[in-house]
Amino acid sequence: MEERYLDLVNHCKVIPAINQVETHVFRQQKKLRELECQIGTKPESWSPLACGQNNIWNNPVLVRIAKSHGRSVSQIALRFLVQQGIIIIPKTTNPEHMKENISVLDFDLDAEEMQAHCITVEIGMPYLEMAG
């Protein structure tokens, strides 16, 4: 993924302001995000809730953190991204989910919780490969 981004940057006249790629707790894109930061591109998450895959709603790490904050798993997964400066636009047509999704800006995950995600949750496989 980093090579494709560099290829784009090296062959365009205007550096992309935003790069939307699959990014969620299961595919965190750390190397790509570091590169984007160096070049000046903001990361935007495509599928910030992993398309509901990998049993995200019952993931023990996410469930434990959600319970400790009195939040939903969705809110924890979204907050994890927001707290790293990743733009999120979660897809929903459900008004309750919309309210829940916007309510990720009024709390923080502590360093241990952020690290728990990085160690326990990352699997690195793209959704398109998982679904295929």
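Which residues lie nearest the centre of the largest pocket? In this predicted model, Leu49, Trp57, Pro90, Lys91 and Thr92 hold that position, among the 15 residues that line the pocket. The points below take up this pocket, then helix H2, and finally the surroundings of Leu81 in helix H4.

**The largest pocket**
- The space within the largest pocket comes to about 330 Å³, and its lining is made up of seven nonpolar, six polar and two charged residues.
- Helix H5, which covers residues 95-102, gives the most to this lining, contributing three residues.

**Helix H2 and its two sides**
- In helix H2, which runs over residues 30-39, the buried residues are Leu32, Arg33, Leu35 and Glu36; viewed down the axis of H2, these fall within an arc of 160°, and they therefore line one face of the helix.
- The buried residues of H2 pack against helix H1 (2-10) as well as strands E1 (18-22) and E2 (42-46), whereas the face turned away from the buried side carries the exposed residues Lys31, Glu34, Cys37 and Gln38.
- Following H2 comes Gly40, which has a positive phi, near 105°.

**Leu81 in helix H4**
- Leu81 belongs to helix H4, residues 73-82, and is buried, its relative accessible area being 1%.
- When neighbours within four places in sequence are left aside, the contacts of Leu81 are with Thr23, His24, Ser45, Pro48, Ile86 and Ile88.
- Although Gln28 and Leu81 are 53 residues apart along the chain, their C-alpha atoms are separated by 8.6 Å.

How values were computed:
Residues numbered from 1 in each chain as written. Predicted model: local features only at pLDDT ≥ 70, side-chain atom pairs only at ≥ 80, totals over all residues. Heavy atoms only, no water. Buried < 20%, exposed > 50% of the residue type's maximum accessible area, 1.4 Å probe, protein only. Helix = DSSP H or I, 4+ residues; strand = E, 2+ residues; numbered from the N terminus. Arc of directions from axis to C-beta. Contact = heavy atoms within 4.5 Å. 1 Å grid on protein atoms, 1.4 Å probe; cavity = no way out; pocket = protein on both sides within 12 Å on 5 of 7 lines; lining within 4 Å. Points joined across faces, edges and corners; volume = space filled by probe spheres on them. Nonpolar A, V, L, I, M, F, W, Y, C, P; charged D, E, K, R; others polar.
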